[in-house]
Amino acid sequence: MENVTIFYSKKGGYFKKLKHTFEIMELDDECVAVPILESANEIHGVIKLNDTGVEIFTALEDETSEEEIVSKLAEKYNETSKEEIASFVHEFVEGLCAAGLVE
């Protein structure tokens, strides 16, 4: 996590944001995040996303906290427990952090 800058929010939680610019596209019935602009020179390849991954990835285009993402997803997917959603969001965001894609 040495490449990641984390900001503490006054509301509680940490703000995170994508370090690179991506465009989300649908290719052959799959959603992928494609690096664009200067990011295309640094990142080679695409990131395959499911529907929930697209929502998390989109939320990270602006500074946001995991708690804010979880709340948004919990409203949409109210049949899934908030704890399960929080676990998924945390794992997803940590994966992006480990890959150096989030600051």
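A crossing of two helices is called right-handed if the near helix is turned clockwise from the far one by less than a right angle, and left-handed if that turn is anticlockwise. Keep this in mind for the tour, which goes through a predicted model and comes back to such crossings at several stops.

**The whole chain**

Begin with the whole chain in cartoon view, where you can find four helices and six strands. Following the chain from the N terminus, you meet these elements in the order β-β-β-β-α-β-α-β-α-α. If you colour by burial, 36% of the 103 residues count as buried. Among the contacts between residues at least 6 apart in sequence, 53% join residues that are at least 24 apart.

**Helices α2 and α4**

Two packed helices are described by the angle between their axes and the distance between the axes. Select α2, which covers residues 51-59, together with α4, which covers residues 82-98, and hide the rest for a moment. The two helices pack at an angle of about 65 degrees, with their axes 11 Å apart, and α2 passes α4 in a right-handed crossing. Now show the side chains where they touch: T52, G53, I56 and F57 belong to α2, while F88, V89, F92, V93 and L96 belong to α4. When these residues are sorted by class, seven are nonpolar, two are polar and none is charged.

Stay in helix α2 and click on G53, which is part of that helix. Is G53 buried or exposed? Its relative accessible area is 0%, and because buried means under 20%, G53 counts as buried. If you draw a distance from the C-alpha of G53 to the C-alpha of F92, the viewer should give 7.7 Å, although the two residues are 39 apart in sequence.

**An aromatic pair**

Next, select F22 and F57 and show their rings, which form one of the two aromatic pairs that a search of the whole structure finds. How are the planes of the two rings placed relative to each other? The ring centres are 5.0 Å apart and the planes stand at 75 degrees, so the pair is edge-to-face. With F22 in strand β3 (residues 22-27) and F57 in helix α2, this pair links distant parts of the chain, 35 residues apart. Both F22 and F57 are buried.

**Helices α3 and α4**

Keep α4 on the screen and add α3, which runs over residues 66-76. Here the axes are 9 Å apart and the angle is about 135 degrees, and α3 and α4 are therefore oblique to each other. This crossing, in which α3 passes α4, is right-handed. To see the contact itself, show E66, I69, V70, S71, L73 and A74 in α3, and then K82, I85, A86, V89, H90, V93 and E94 in α4, which they meet. By class, this contact has eight nonpolar, two polar and three charged residues.

Now centre the view on V89, whose place is in helix α4. With a relative accessibility of 1%, V89 counts as buried. Which residues does V89 touch, once its neighbours within four places in sequence are left aside? They are I56, E66, I69, V70 and L73. For L73, the C-alpha atom is separated from that of V89 by 9.2 Å, and the two residues are 16 apart along the chain.

**Helices α2 and α3**

Bring α2 back beside α3, and look at how their axes come within 10 Å and cross at roughly 145 degrees. Once again the crossing is right-handed, with α2 passing α3. The residues to show are T52, E55, I56 and A59 in α2, which meet I69, L73 and K76 in α3. This contact divides into four nonpolar residues, one polar residue and two charged ones.

**Two loop residues**

Finish in the loops by selecting D28, which sits between β3 and β4 (30-35). Its phi is near 50 degrees, a positive value in a residue other than glycine, and with a relative accessible area of 76% D28 is exposed. Then move to L37, in the loop between β4 and α1 (39-42). The phi of L37 is near 55 degrees, again a positive value in a residue other than glycine, and at 60% relative accessibility L37 counts as exposed.

Terms used:
Residues are numbered from 1 along each chain as its sequence is written. This is a predicted model: local features need pLDDT of at least 70, side-chain atom pairs count only at pLDDT 80 or more; totals for chains, interfaces and linings use all residues. Side-chain values use heavy atoms; hydrogens and water are left out. Axes are lines fitted to C-alpha atoms, for helices over the stretch in contact, and angles run from 0 to 180 degrees between N-to-C directions. Angles under 35 degrees count as roughly parallel, over 145 as roughly antiparallel, 65 to 115 as roughly perpendicular and the rest as oblique. Contact means heavy atoms within 4.5 Å. Ala, Val, Leu, Ile, Met, Phe, Trp, Tyr, Cys and Pro count as nonpolar, Asp, Glu, Lys and Arg as charged, and the others, Gly among them, as polar. Rings of Phe, Tyr and Trp (its six-membered ring) pair if their centres lie within 6.5 Å; planes under 30 degrees apart count as stacked, over 60 as edge-to-face and the rest as tilted. Buried means under 20% relative accessible area, exposed over 50%, partly exposed in between (1.4 Å probe, protein chains only).
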